[in-house]
Amino acid sequence: MAPDTESVRPERRGRLTIGIAQLLLVVAAAALWTASRLPWVDIRSFDGLGPPKELTLSGASWSTALLPLALLMLATAVAALAVRGWPLRALAGLLAVASLAVGYLGISLWVIPDVAVRGADLAHIPLVALVGSERHYLGAVAAVISAACTLIAAVLLMRSASVVGSAAAGPTKYASPAARRSIARRDNADNVSQDAGQDMSERMIWDALDEGRDPTDRPRGSDTEGR
């Protein structure tokens with residue numbers, strides 16, 4: 001019973017790891033949805049015909065990929081319940097790529113030298129009417145947090161796929177050395193005893209013939225065993 005118990009423990013750890021990864025994916029999807037709702041860039045314009053205007057671009061307007069990526073994370077969190085082995089590894093790889101994409105969207109708000117040109121294009125404002133722009137970093141921070149949670153979830157799913165697959169391969173993989181030897185002896189006991197008995201019988205016959213004894217003679221003690 002001990003080997004079976006020890007084989008169940010890695011599988012339970014794998015399921016617990018999958019549960020943690022699913023929770024992280026839900027958190028990542030929520031953070032990404034929040035990032036899509038928060039303001040990212042303010043665009044100020046003045047065409048000379050009216051008062052100055054200011055337009056705020058949300059995360060969904062700045063990058064239309066935020067919401068689809070959030071849905072992808074939720075779908076992957078649900079799919080992790082039903083897949084094992086290489087499909088789970090494929091999901092983990094897909095999540096790793098998605099985390100890089102989300103991280104790029106968040107970090108790009110910092111690294112882009114000037115967001116005014118892109119903001120004016122998204123807001124459909126002529127460049128000659130563009131006055132200035134302002135960045136809001138809270139949404140980008142939420143996107144980076146989502147990317148980090150997604151990457152950690154991908155690593156956990158990859159590890160859990162290996163643990164669960166190895167546990168399903170056989171109960172002796174995670175058994176102790178003594179338990180593995182015991183199982184090996186139990187599995188091979190019949191074959192080994194038969195082979196050993198046959199070899200010893202033939203050896204005893206030849207030894208008896210070499211000593212000049214009749215190998216078919218039975219000891220006297222064997223006649224009285226049944227009495």
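**Group meeting: a predicted chain and its contacts**

Read along the sequence, the protein chain before us follows the order α-β-β-α-α-α-α-β-α-α-α. That amounts to eight helices and three strands. I should state at the outset that this is a predicted model, and the values I shall quote are computed from it.

Let me begin with the chain as a whole. There are 227 residues in the protein chain, and buried residues make up 33% of them. The accessible surface comes to about 14,100 Å², with 62% of it belonging to carbon and sulfur atoms. As for contacts between residues at least 6 apart in sequence, 74% join residues at least 24 apart.

One pair of residues distant in sequence may serve as an illustration. Ala30 and Leu74 are separated by 44 residues in sequence, while their C-alpha atoms are 9.2 Å apart in space. Ala30 belongs to helix H1, which spans residues 2–37, and it is partly exposed, with a relative accessible area of 42%.

I turn now to the strands. Strand S1, residues 39–45, is mostly covered, five of its seven residues being buried. Which strands does S1 pair with? One partner is S2, residues 53–58, which runs antiparallel to S1 and is joined to it by six bridges. Within that pairing, Ile43 stands opposite Leu55 of S2. The other is S3, residues 130–135, again in the antiparallel sense, here over five bridges. In this second pairing, Ser45 has Leu130 of S3 as its bridge partner. As a general remark, side chains in a regular strand alternate between the two faces of the sheet.

Next, helix H5, residues 116–123. Its buried residues are Ala116, Gly119, Ala120 and Ala123. They cover an arc of only 100° around the axis, and therefore lie on the same side of H5. What do these buried residues pack against? Their neighbours are S1, S2, S3 and helix H2, residues 59–62. The helix thus brings us back to the strands just described, since its buried residues pack against S1, S2 and S3, and those residues share one side of H5.

The residue that follows H5 deserves a word. His124 has a positive phi of about 60°, although it is not a glycine. Its place is in the loop between H5 and S3. Is His124 buried or exposed? At a relative accessibility of 72%, and with the threshold for exposure set at over 50%, His124 counts as exposed.

Finally, I come to the aromatic side chains. The count of aromatic pairs is one. The ring centres of Trp110 and Tyr137 are 5.4 Å apart and their planes meet at 15°, so this pair is stacked, the limit for that class being under 30 degrees. Where do the two residues lie? Trp110 is in helix H4, residues 86–111, and Tyr137 is in the loop between S3 and helix H6, residues 138–169, so the pair ties together parts that are 27 residues apart in sequence. Both are partly exposed: Trp110 has a relative accessible area of 40%, and Tyr137 one of 36%.

A further ring is involved in a contact with a charge. The charged end of Arg118 sits over the ring of Trp62, at 4.7 Å from its centre. Arg118 falls within the residue range of H5, 116–123, and Trp62 within that of H2, 59–62.

How values were computed: Residues are numbered from 1 along each chain as its sequence is written. This is a predicted model: local features need pLDDT of at least 70, side-chain atom pairs count only at pLDDT 80 or more; totals for chains, interfaces and linings use all residues. Side-chain values use heavy atoms; hydrogens and water are left out. Buried means under 20% relative accessible area, exposed over 50%, partly exposed in between (1.4 Å probe, protein chains only). Helices (H or I, at least four residues) and strands (E, at least two) are DSSP runs, numbered from the N terminus. Two strands pair if DSSP finds at least two bridges between them. Rings of Phe, Tyr and Trp (its six-membered ring) pair if their centres lie within 6.5 Å; planes under 30 degrees apart count as stacked, over 60 as edge-to-face and the rest as tilted. A charge sits over a ring if NZ of Lys or CZ of Arg is within 6 Å of the ring centre and within 35 degrees of the ring normal. Contact means heavy atoms within 4.5 Å. Accessible areas come from the Shrake-Rupley method with a 1.4 Å probe; for residues, only the protein chains shown count as cover. The arc is that of the directions from the helix axis to the C-beta atoms.
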